[in-house]
Amino acid sequence: MLSSQWTRYGLLVHNMHSKFVLASGQPEYAYIRHVADNDNGWAEQLTARIGAGVKRRRTELGLSAQAVADRTSELGHPIGRGAIARLETGARGMVEVAELFVLSEALETSPVALLWFDAPDTPTAYLPGYESYAGDGFLWTIGERPPSTNSDRGTPGESERQFARLGALRRLIDARRALVRLSQSRHPSRSGQQRVEVDMTTLYTELERAEEEAIAHGWTVRRNG
């Protein structure tokens, strides 16, 4: 039986039948790596977490399960009321990626919000056997940080390279958003924002630099001009 004690600085886990290895982490989250023989129902727990997020969001919107089912039908990927009810009660063992996407749109939110609805400080395991916080899972899911599993598996340095690649994409998206905000600031009556003066040359230079970086990292970039 797994027992655990959460402290301000991390998780102390006790299990006589398992081996525990200290795992490195970011300063805001320190935790223990739990090495187990199997996932101990982790996949089902992750599905139950999504179900809890669906129920919470559905309740916030004041929708019935049937209303959510109707919305999924309108979106082109029907999910029955019974399937939604079983997901919310934890009776389903898995949820498809397509279902997660469609439910997120039907509930006017994002897949990340359904999965990590109780971030940042709820204890959870976002990988099999790795006790951490929902905030860690959220940051990993959106590409803000690699998983702190302190594992020697895989290609050395590959995790860091992949997250650098995600960072390049993020900077490109941010540069494009900055130009959208510029356009809105030039048409305050349309955007509802106050008109501001912005250095267009600087923004376009930053965009060009971000595009080149994203292309170098293998992203598909359609450049204007």
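Me: Asp 136 and Arg 145: are they buried or exposed?

Reply: Both are buried, a label reserved for residues under 20% relative accessible area (exposed is over 50%, partly exposed lies in between, using a 1.4 Å probe and protein chains only). Keep in mind that this is a predicted model, where local features need pLDDT of at least 70, side-chain atom pairs count only at pLDDT 80 or more, and totals for chains, interfaces and linings use all residues. Side-chain values use heavy atoms, with hydrogens and water left out, and residues are numbered from 1 along each chain as its sequence is written.

Me: What makes Asp 136 and Arg 145 a salt bridge?

Reply: The rule asks for a side-chain nitrogen of Lys or Arg within 4 Å of a carboxyl oxygen of Asp or Glu. Here the N to O distance is 2.5 Å, so the pair passes. The whole structure has 12 salt bridges.

Me: How do you know that Asp 174 and Arg 177 make the list too?

Reply: Their closest N and O atoms are 4.0 Å apart, so the pair still counts under the within-4 Å rule. Both residues sit in helix α7 (residues 158–186), 3 residues apart, or about one turn of the helix. As for helices, they are DSSP runs of H or I with at least four residues, while strands are runs of E with at least two, numbered from the N terminus.

Me: Why is Asp 174 called partly exposed?

Reply: Its relative accessible area is 40%, so it falls between the buried and exposed limits.

Me: What do Glu 108 and Arg 71 tie together?

Reply: Their side chains meet in a salt bridge at 2.8 Å, N to O. Glu 108 lies in the loop between α4 and α5 (111–115) and Arg 71 in helix α2 (residues 65–74), so the bridge joins parts that are 37 residues apart in sequence. Glu 108 is exposed at 52%, whereas Arg 71 is partly exposed at 24%.

Me: Why is the pair of Tyr 126 and Trp 140 called tilted?

Reply: By the ring rule there is 1 aromatic pair. Rings of Phe, Tyr and Trp (its six-membered ring) pair if their centres lie within 6.5 Å; planes under 30 degrees apart are stacked, over 60 edge-to-face, and the rest tilted. These two have centres 5.3 Å apart and planes at 45°, so tilted it is. Tyr 126 is in strand β5 (residues 123–127) and Trp 140 in helix α6 (residues 134–141), so the pair links parts 14 residues apart.

Me: How do you know that Ala 134 is buried?

Reply: Its relative accessibility is 0%, so the buried limit is met. Ala 134 is in helix α6, and its contacts (heavy atoms within 4.5 Å) beyond four places in sequence include Arg 49, Trp 116 and Thr 124.

Me: What makes Arg 92 buried, though it is in a loop?

Reply: The label rests on accessible area: Arg 92 comes out at 17%, so it passes as buried. That loop runs between α3 (81–89) and α4 (97–106). Leaving out residues up to four places away in sequence, Arg 92 touches Thr 47, Ala 83, Arg 86, Leu 87 and Glu 99.
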